[in-house]
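Thank you all for coming; I would like to walk you slowly through one model this morning, beginning with a place where two chains meet and ending with some strands. Please have a look at the structure first.

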Amino acid sequence: MTTLLEVENLSRSFGGLVAVKDVSFSLRAGRITALIGPNGAGKTTCFNLVAGALKPTSGRVLFEGRQIDNSPPETVCRMGIARTFQIVRPMREMSVLENAMIGAFSWTRNVSEARSKAYESLESVGLAAKAHARTDQLTLPDRKMLETAKALSTRPKLLLLDEVMAGLRPTEAAGIVGVLQKLAEGGLTILLVEHVMRIVMEVASHVVVLHHGAKIAEGPPEEVVADPKVLESYLGAGFHA
Amino acid sequence: MLSLWLNVLASGILLGLVYGLVALGLTIIFGVMRVVNFAHGEMVVFGVYIGYWTVRLWNVPIIVAAAIAAVVMFAFGYLLEALIVKRFVNRPHHYQFIVFIGLSLLFSGTLLVAFGPDPRPTASQLSFQTVSLGLVTLDLARVQAAATAGLLIALLGAYLKFSPFGRSLRAAADNRLGGLIVGLNIPRVYAVTFGIGAACAGVAGALISPLFDAQPYLAVDFTLLAFVTVIVGGLGSFGGALLGGLVIGVAEAIAALMFTPSMKTALPYALLIIILVFRPRGFFGAKEI
Amino acid sequence: MLSGALLAIDGLCVAYDGSCALNGVSLQIHKGELICVVGANGAGKTSLIRSISGIVRSSSGVIKMNGVDITGMPPWEICERGIAQVAEGRQIFGSLSVEENLLLGGALKRAKTGQSETLDFVYQLFEKLRERRGQLAGTLSGGEQQMLAIGRAIMSKPEVVMFDEPSIGLSPALTDVMFGVVKSLHEQGATVLLVEQNVAKSLALANRGYVLENGSIVLHGSSDELLTNPEIQRAYLGL
Amino acid sequence: MQKKFDRGLERTRWLAGITVFAVLGLVGLLANPYVISLMTIVLLFTFLGQSWNLMLGIGGQLSIGHALFVGLGAYSVGVLYVKYGISPWVGLLTGMILAGSVGASIAWLSFRFEVRGIYFALLTIAAAEFARIMFSGWEFVGAMQGLFFAAPTGGIEISMLRGDARFYYFVALALAALGIIGTEFISRSYLGYVWRAMRDDESAARALGVRTFQHKILVISLSAATAAAGGGVLALVQGSIFPDSIMGMGLSVDVLIGPVVGGLGTTFGPLVGSLAAIPLNHLMSALGDSLRIPGLNNITYGVVLISVIWFLPDGIWPAIVRLCKAIQGPPTAWLWQSRKVEE
């Protein structure tokens, strides 16, 4: 397996506050990697650094061997990295289908081609039946899936998902897990930022744990979850009962 | 030659202080409420009319007219906010702009209906008196207007800096959610803010009533002038409004000396465009817009 | 149960454009209690605090303070009734000085008398803040800003203080300091509602706890019961 | 099923559009000179409103200085025709290119440092005022005394775009139709999707690969160029150009009233809004003149603007559409269903 994305010694500070310090990891093509950690661990900052929404203070991000950390988000997207937002932000005055079409215009100017790609993306996340709904008629899990569909329309090689399962009920989350597994089977590389560990356990084949901006553990999910450092970061010291 | 330049510079600075007061009203409203008062020029013109009528009816000094303008325009601004503007504070900017354009049309129309289109010069006792300081000779009306404006700017600055209400106002401007958390009565803060902004414009209008004839069509020019002033200084910044006023006042005065009258009015805009090229947020621009 | 409580919440629902953030939450806090509400990201913790303080409107449900219905009151009237909060993201006034921030916290009518004593008390609690009283609040470090937010809440002489994740973004050492502050406030008689994701630390302090998941209370009991409940581990780690 | 729904809606829209323009055509043939001249202005402002709407309603960029572009178009036509006798067609083209590049430069200046929102809007008025004052002092273009077109000889000259009032009515009608068709065309092309995405959420659009900087410049220069075309025709219709009326704040306000009252971002909004607002304004200024109350039309405009934003924030046209749907909702739904069975 090849390495698709490499993060090397990435740091980012805001004012005096170091949000991410000296984090390195790499993503192998075709598998689901999860970036986890409790609230305020620097996951979202890390994510935004990879997606081009923030510039690192130091360190590098390499995608297919090319340095991308100084590129604006639209360029990063056009290179093959698509992202979702933690707070779902559909284009309010556009239909579900139209939302899903926008991403396709990064590689085509043909509207009907974009439309069929959008249908395809919606289908792969199970939203095709609601293609013509208004976005405010969607339920929260559907909106999260719309975010994913929008990203899929850009034909990404790497999909970055920011807490797609936050705020969902277990049954709803299970549906999304199924979708992600299918996408990965289709050859897509996925980086998942998640707070809730139990979802990660099911889908990810590799886990990176952040705490206070630094990487504290990395490995297969079963190993990581047994790591006392990880337990402590989540539940606090002394919680081993 | 030197005395001519000094005179021009001094009169520019004097008028600049009044411009600064106008711009201050606009910038306080924007800083706290994130709303651009497109009807600001109308409020200045209201002040000019208040100056005109009080002097004509009761023959009071301009200072008294300015005090009346302050009270009337504060009440006017407070009510306007509480009745109309309030509903649009959280709307997108273009909605706010359209509401204010509507208000400005409404106000200028009302002025036209009430007083007609003809200019009315205020017959102040100071109109033709001058003071001399060495090489510089200035007319008294201008000196008085500038002195009062300068004093008011200082007082307002002190009020905002040291009074409990000024603290609340700055807090609301800094972080609205934070204001709600500590229990600030945000609607009241907003209404008072708008009242203060309107009062600044009104007082400035009354102060310059001996210099500018009262006329409804003046409003657009004052609105635009206030915009230019605050952009030059940086929208939402107290010091910026003052500095912007002085820069524009002096630039206008110099332009009047060197170019044709039409170039004089164009210069502030030219200055604005140049500043936007080099310092897009003005001298003291707020970060978030 | 509703009658004796200082703060009683019954069937509270909050919705943001169509999706439910809180769904029928009921809880009570008695005078002098320290209770905690734990839950993962997106469980509705911040919505709970903001709807109690009136910043977010609830769609249904009743909130009573001292037996008085405060549902639908504007935030400043709710503050006046003695509910203060240490908000998520601190929400201090960065361009104002430290002391001005504190004075704004004490600007309510209820806190007017004896304001200087309260200020003294806050400065005793946080010596750092006294040292930096003239400095702009935006220049403080994360931990100091959190202290300022707590101090600002104390300034209003509240009957109930709500903490929204005071440990977020702080180093382990500072987190301990922060929990120590919460504990000492409680020991001095304050009624505290602590909303946290750090389960072990917050349950160790609290008398009782509630577990919030997807906008609903799924578990409720004394701290000891919750600490040994396997459900908690499941909710957090998926074991 | 959805495709058929779209097609049904499509058919209704085409029918509605064709009917409206057929009626407007009949008006041009049958109405009296007063109505013709009033409707010419309505149609021209429909087109200008459309160009403004393109920028805010679709592109999300607020301009309150559109008079700048209108004026550049008017002066290009005026100067070339009056001074050199060059065909207004050339003038229109020149004006469009000129205004487009000025629009692009303003956009570039402003967005280069990601200055947007209010600053951009204020910059547009500042630029317009600057231009107005410069033109007022520029003797070559007539300064304050303005530029005058020779009175039309009576015959219609397409190559010189000269003719009588009825001729200009049809020119304005063609322009309005072109505006509506063009807007429809753009909003269905990839540009429309990308621009609306940019309007609704700029950072989300960028994350989906939209190069927002380039697109903002594009939408602004397109809007500026079309406004210039409208300005050129407006100058021909009025027969004269004065800097204060063609480049003043008042014209910028007139341009935005139609789309705001009619419905921001909608295709028919500017037409509906202009139809409602401009005759009202004329009526009120006539009434004001006869009663010797000069500010009456300003007051009416002000009250109309405030009430529309207050009561119908998305404008008259969407309200009409909602009303129609509410009235004939069930029967048409039944109609579509029956069609589904057929096909």
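When I say contact, I mean heavy atoms within 4.5 Å. Please also keep in mind that this is a predicted model. With that meaning of contact, 42 residues of chain D and 45 residues of chain B take part where these chains meet.

The size of an interface is often given as the accessible area lost when the parts come together. Between chain D and chain B that buried area is about 3900 Å², and carbon and sulfur atoms give 85% of it. On the chain D side, I118(D), Y119(D) and W310(D) supply 19% of the area that chain D buries against chain B, which is more than any other three residues.

Which elements of chain D give two or more residues to the side that touches chain B? They are α5 (118-136), α11 (249-262) and α13 (296-311) of chain D, and α5(D) brings the largest share, 12 residues. Sorted by class, this side of chain D holds 33 nonpolar, four polar and five charged residues. As for specific pairs, the count between chain D and chain B is zero salt bridges, and one residue pair is in polar contact, both at pLDDT 80 or more.

Let me turn now to chain A, where strand β1 (residues 3-14) pairs with strand β2 (residues 17-28) in the antiparallel sense over eight bridges, with V20(A) in β2(A) as the bridge partner of R12(A). β1(A) also pairs, again in the antiparallel sense, with strand β4 (residues 58-63) of chain A over five bridges, and there V7(A) stands opposite V61(A) in β4(A).

Note on methods. Residues are numbered from 1 along each chain as its sequence is written. Chains are lettered from A and ligands numbered from 1 in the order in which they are written. This is a predicted model: local features need pLDDT of at least 70, side-chain atom pairs count only at pLDDT 80 or more; totals for chains, interfaces and linings use all residues. Side-chain values use heavy atoms; hydrogens and water are left out. Buried area is the accessible area (1.4 Å probe) that two parts lose on being put together, summed over both. A salt bridge is a side-chain nitrogen of Lys or Arg within 4 Å of a carboxyl oxygen of Asp or Glu. A polar contact is a pair of N or O atoms within 3.5 Å; within protein, one must be able to donate a hydrogen and the other to accept it, and residues adjacent in sequence count only if both atoms are side-chain atoms. Helices (H or I, at least four residues) and strands (E, at least two) are DSSP runs, numbered from the N terminus. Ala, Val, Leu, Ile, Met, Phe, Trp, Tyr, Cys and Pro count as nonpolar, Asp, Glu, Lys and Arg as charged, and the others, Gly among them, as polar. Two strands pair if DSSP finds at least two bridges between them.
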